[in-house]
Amino acid sequence: MAIATLLVRANVSSFLFAPVSMTTGPLDIGPANGPLATVISSDALSAIPVNAAVSLWNSYHPFYKGPLIRVKATAVSSYPGLPDVIGQASCNTADLCSPPGGQWCCGTVALTVLASRGVGMFDVFVHEIGHAVIDLSATDRQNPARSISTMHWVPEEHREIMGATLEFPAFMSVYTARAPDQTTTVACTESDCPGECRPPGAGASGLPPKCTAWEYHPPASTHPPDDGLVWYIIAIILLWVILFGIGCYITRRRDYSALNNYEI
Ligand SMILES: [Zn+2]
């Protein structure tokens, strides 16, 4: 008995001094970094650029509630038969969004990028993730004639990250940052967010500013408050005209009565 007790105590003792381990699990992206997409696998060369690219997209949609895109990333040495291709995105057939015509992928997406791009792999991943997270019905809020229904913006701005041909240095437009969901983005223009539209970070270039005044719902269209204000003013004017008209009518009646009385 004494030996058994000693053994139990020894086990407890060794357990207490055992190293504490942390195991991997699903990436938990907090409310300050919306789960637009997450990386579920990557190889050695693609790990840093693909995680940075996913974080960039998530940072513009801190309150995104749509389907989480699960990214599998791989660096490849070439695309046989496709000498000009530098990156590709492919969605699992089972994860294609339904109905077709909306967002392209609603689940796992496989991204490949040409390893020879080096540091440029980040830009290519930003582009390829864009294919997975942008709804094909998205348009540019400032210019509704600009559409991404063909996977790339038309008309296309030179060097814009979601153009069909990626040139360096590339930049991300406000309309690209907003495109996954116009209601959950913090990407802003000065007219959308006057006085509170700030650069996304020290030293950041080629990235849209973020509105520090939008805690949850950014404006979904260009000028909804103005439209509401216009209708409010029209209603006030109509009410004033009606009341003024009634007032005039009553006053006139009184005037006529007084005049009539006077004449009488
Ligand atoms: Zn593309």
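The secondary structure of this chain comes to 5 helices and 6 strands, where helices (H or I, at least four residues) and strands (E, at least two) are DSSP runs numbered from the N terminus. This is a predicted model, in which local features need pLDDT of at least 70 and side-chain atom pairs count only at pLDDT 80 or more, while totals for chains, interfaces and linings use all residues. Residues are numbered from 1 along each chain as its sequence is written. If you colour the model by secondary structure and follow the chain along its sequence, the pattern you meet is α-β-α-β-β-β-α-α-β-β-α.

**The whole chain**

Keep the whole chain in view for a moment. Of its 264 residues, 30% are buried; a residue is called buried if 20 or more other C-beta atoms lie within 10 Å of its own, exposed if 12 or fewer, and partly exposed in between, with C-beta atoms placed from the backbone. Among the contacts with a separation of 6 or more, 61% come from residues 24 or more positions apart, a contact being two residues whose C-beta atoms, placed from the backbone, lie within 7 Å.

**The sheet**

Now select strands E1, E2, E4 and E3, which in that order form an open sheet of 4 strands with mixed pairing; two strands pair if DSSP finds at least two bridges between them. At the edges you will find strand E1 (37-42) and strand E3 (87-91), each of which pairs on one side only. From one strand to the next, the twist averages 25°, an angle that, like the others on this tour, is taken between N-to-C directions and runs from 0 to 180 degrees, with axes that are lines fitted to C-alpha atoms, for helices over the stretch in contact.

Go through the pairs of strands in turn. E1 and strand E2 (residues 69-76) run parallel and are joined by 5 bridges; to see one partnership, select Ser-42 together with Ala-73 in E2, its bridge partner. E2 and E4 also run parallel, with 7 bridges between them, and here Val-71 has Val-109 in E4 as its bridge partner. E3 and E4, in contrast, pair in the antiparallel sense over 5 bridges, and Gln-88 stands opposite Thr-112 in E4.

**A residue inside the sheet**

Next, select Ala-75, which has its place in strand E2. Is Ala-75 buried or exposed? Ala-75 counts as buried because it has 20 C-beta neighbours inside 10 Å. Leaving aside residues up to four places away in sequence, Ala-75 touches Asp-43, Leu-45, Ser-46, Val-113, Ala-115 and Met-121. Try a distance between C-alpha atoms here: those of Ala-75 and Val-113 are separated by 5.0 Å, although the two residues are 38 residues apart along the chain.

**Two helices in contact**

Select helix H2 and helix H3 (residues 121-133), which pack at an angle of about 50° with their axes 8 Å apart. Angles under 35 degrees count as roughly parallel, over 145 as roughly antiparallel, 65 to 115 as roughly perpendicular and the rest as oblique, and H2 and H3 are therefore oblique to each other. H2 passes H3 in a right-handed crossing, which is the name used if the near helix is turned clockwise from the far one by less than a right angle, left-handed being the name if it is turned anticlockwise. To show the contact, display Pro-49, Val-50, Ala-52, Ala-53, Val-54, Leu-56 and Trp-57 of H2 with Met-121, Phe-122, Phe-125, Val-126, Ile-129 and Val-133 of H3. These residues divide into 13 nonpolar, no polar and no charged, where Ala, Val, Leu, Ile, Met, Phe, Trp, Tyr, Cys and Pro count as nonpolar, Asp, Glu, Lys and Arg as charged, and the others, Gly among them, as polar.

**The loop after H3**

Finally, move to the loop between H3 and helix H4 (174-178), where Pro-155 is found. Most residues other than glycine have a negative phi, and most peptide bonds are trans. Val-154 and Pro-155 are joined by a cis peptide bond, with omega about -5°. A cis peptide bond also joins Phe-168 and Pro-169, with omega about 0°, and Pro-169 lies in the loop between H3 and H4.

In this loop you can also select Met-151, a residue other than glycine whose phi is positive, near 85°. Met-151 counts as partly exposed because it has 14 C-beta neighbours inside 10 Å. Arg-159, found in the loop between H3 and H4, has a positive phi of about 75° although it is not a glycine, and Arg-159 is partly exposed, with 15 other C-beta atoms within 10 Å.
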